[in-house]
Every structure is written in C-alpha cells, then in structure tokens.
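I opened my notebook for a walk through this fold, helix by helix and ring by ring. Here is what I looked up, in the order I looked.

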Amino acid sequence: MQLELNLGNQLNVLLSASHALNVRTAAIFDPTLQPAAFLIVRWLLSNGPASATLLAESTAMDRSSVSRLVVQLKHLGYVKSETHPEDRRGVLLSLTELGSGKALKAIKDKEEEFYKRISKWEDSDLETFVYMLRCFNGYESK
C-alpha cells in the first residue's frame with residue numbers, strides 16, 4: 001500500500017510540475033494570452049489545420065471558449081482561417097508563420113527544461129523510464 005501511495009505522490013508532483021511548465025511555456029509564447037490559447041496553438045502545431053469543433057473536442061474545451069480564444073489568436077496574427085477545401089461552408093483554422101515560429105521557440109525552451117532533468121541519466125535509465133511510461137500509458141505490456 002505504501003508503494004502505491006508513493007507512486008501517487010510522485011505522479012501528483014509530475015502533473016503539477018508539468019502544468020506549471022505548460023503555463024510558463026504559454027507565457028513565453030505570449031504573456032497577454034490565457035494558457036488555454038497556447039493549448040490550441042500546440043494542437044494546431046502538432047496536428048495541422050482543424051475546425052473549431054475538432055479543436056474543442058480535442059482540447060476538452062467548450063466551443064464558445066475555443067471561439068473566443070481563436071478570435072484573440074487571429075487578432076494577434078497567430079492563427080488564420082480558410083475555407084475548408086472539401087466543405088465550402090466549413091472553416092479550417094491553422095497557424096500563421098508567426099504563430100508557428102513563436103510556438104516552436106516556446107516549446108524549445110520547455111524542451112531545454114526537460115533535458116536539464118535527464119541530462120545526467122545513463123541511456124539505460126532513460127530507456128527504462130521511457131518503457132515504463134509507455135507501459136503506464138497503455139502502449140506496452142510486460
């Protein structure tokens with residue numbers, strides 16, 4: 001039982017630290033925006049153009065919040081909208097060159113923070129850690 005409690009404590013530390021790092025990364029991207037806006041930017045950077053509905057579903061935000069954040073992102077020149085090529089009534093949102101560039105810079109800073117934490121690890125320790133995370137996340141089984 002104590003081992004499971006220790007695991008829970010470490011997972012809470014990881015999740016809290018990850019959230020704090022995400023908030024700091026969002027502030028690097030643009031300190032005038034809410035961190036949730038950067039979640040949209042990250043999703044578009046990773047997945048490409050999408051409808052507001054897909055963004056809402058994929059980020060677990062309600063559609064009105066996504067719409068409000070997208071308006072801010074468009075106003076600042078980070079996101080653009082285009083007519084959906086397959087459905088002329090639909091709109092696809094994507095990052096502008098400015099949005100992509102700033103997002104990549106912010107993510108680079110975040111990656112440097114993670115690298116600092118693992119830089120002194122042996123490759124075998126890192127391989128074990130990656131494997132265990134994959135198992136924990138349901139992608140591998142022992």
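**Entry 1: a cut-off to start with.** I call a residue buried when its relative accessible area is under 20%, exposed when it is over 50%, and partly exposed in between. I also note that I am working on a predicted model. With that cut-off, phenylalanine 29 was my first check: its relative accessibility is 1%, so it counts as buried.

**Entry 2: the rings.** How many aromatic pairs does the structure hold? I found three. I looked at phenylalanine 29 and tyrosine 78, whose ring centres are 4.7 Å apart; their planes stand at 55°, so I logged the pair as tilted. Phenylalanine 29 belongs to helix α1 (residues 2-29), while tyrosine 78 is in the loop between α4 (63-75) and β1 (79-83), so this pair ties together parts 49 residues apart in sequence. Tyrosine 78 has a relative accessible area of 5%, so I put this residue down as buried too.

I then turned to tryptophan 121 and phenylalanine 129. Their ring centres lie 5.2 Å apart with planes at 85°, so the pair is edge-to-face. Are these two residues buried or partly exposed? Tryptophan 121 is partly exposed at 34% relative accessibility, and phenylalanine 129 is partly exposed at 39%.

Going back to phenylalanine 29, I saw that ring pairs join Phe29, Phe38 and Tyr78 into a cluster. I also found a charge there: the charged end of lysine 102 sits over the ring of phenylalanine 29, 5.8 Å from the ring centre.

**Entry 3: helix α1.** I checked the length of α1 against expectation. Its 28 residues, at 1.5 Å a residue, should span 40 Å, and the end C-alpha atoms are indeed 40 Å apart, which agrees. Which residues of α1 are buried? I listed Leu21, Thr25, Ala26 and Phe29. Their cover includes α2, α4 and α5.

Thr25 made a handy reference point. The C-alpha atom of lysine 105 is 9.4 Å from that of threonine 25, with their places 80 residues apart along the chain. Lysine 105 is in helix α5 (residues 97-118), and at 48% relative accessibility I count lysine 105 as partly exposed. Proline 35 is ten residues from threonine 25 along the chain, and their C-alpha atoms are separated by 8.4 Å.

**Entry 4: helix α2.** Proline 35 took me into helix α2. This proline is partly exposed at 41% relative accessibility, and beyond its neighbours within four places in sequence, proline 35 is in contact with Val23 and Ala26.

I repeated the length check here. Helix α2 (residues 35-47) has 13 residues, which at 1.5 Å a residue should span 18 Å; I read 19 Å between the end C-alpha atoms, which agrees. Buried in α2 are Ala37, Phe38, Ile40, Val41, Trp43 and Leu44. What do these buried residues pack against? I wrote down α1, α3, α4, β1, β2 (91-95) and α5. Just after α2 comes glycine 48, with a positive phi of about 85°.

**Entry 5: around the end of α3.** Threonine 59 lies in helix α3 and is buried at 11% relative accessibility. Leaving out residues up to four places away in sequence, threonine 59 touches Leu39, Trp43 and Val66.

Alanine 60 caught my eye on the backbone. Most residues other than glycine have a negative phi. Alanine 60, though not a glycine, has a positive phi of about 60°. This alanine is placed in the loop between α3 (52-59) and α4, and with a relative accessible area of 71% alanine 60 is exposed.

**Entry 6: the largest pocket.** How much space lies in the largest pocket? I noted about 680 Å³. The lining has 21 residues, and those closest to the pocket centre are Leu11, Leu14, Trp121, Phe129 and Leu133. The elements giving two or more residues to this lining are α1, α5 and α6 (123-136). Helix α1 gives the largest share, eight residues. I was pleased to meet Trp121 and Phe129 again here, having already logged their rings as an edge-to-face pair.

Terms used
Residues are numbered from 1 along each chain as its sequence is written. This is a predicted model: local features need pLDDT of at least 70, side-chain atom pairs count only at pLDDT 80 or more; totals for chains, interfaces and linings use all residues. Side-chain values use heavy atoms; hydrogens and water are left out. Helices (H or I, at least four residues) and strands (E, at least two) are DSSP runs, numbered from the N terminus. Buried means under 20% relative accessible area, exposed over 50%, partly exposed in between (1.4 Å probe, protein chains only). Rings of Phe, Tyr and Trp (its six-membered ring) pair if their centres lie within 6.5 Å; planes under 30 degrees apart count as stacked, over 60 as edge-to-face and the rest as tilted. A charge sits over a ring if NZ of Lys or CZ of Arg is within 6 Å of the ring centre and within 35 degrees of the ring normal. The expected span of a helix is 1.5 Å times one less than its number of residues. Contact means heavy atoms within 4.5 Å. On a 1 Å grid over the protein atoms alone, a cavity is a set of points where a 1.4 Å probe fits but cannot get out, and a pocket is an open set with protein on both sides within 12 Å along at least five of seven lines; lining residues have an atom within 4 Å of a point. Grid points are joined across faces, edges and corners, and a volume is the space filled by probe spheres set on the points.
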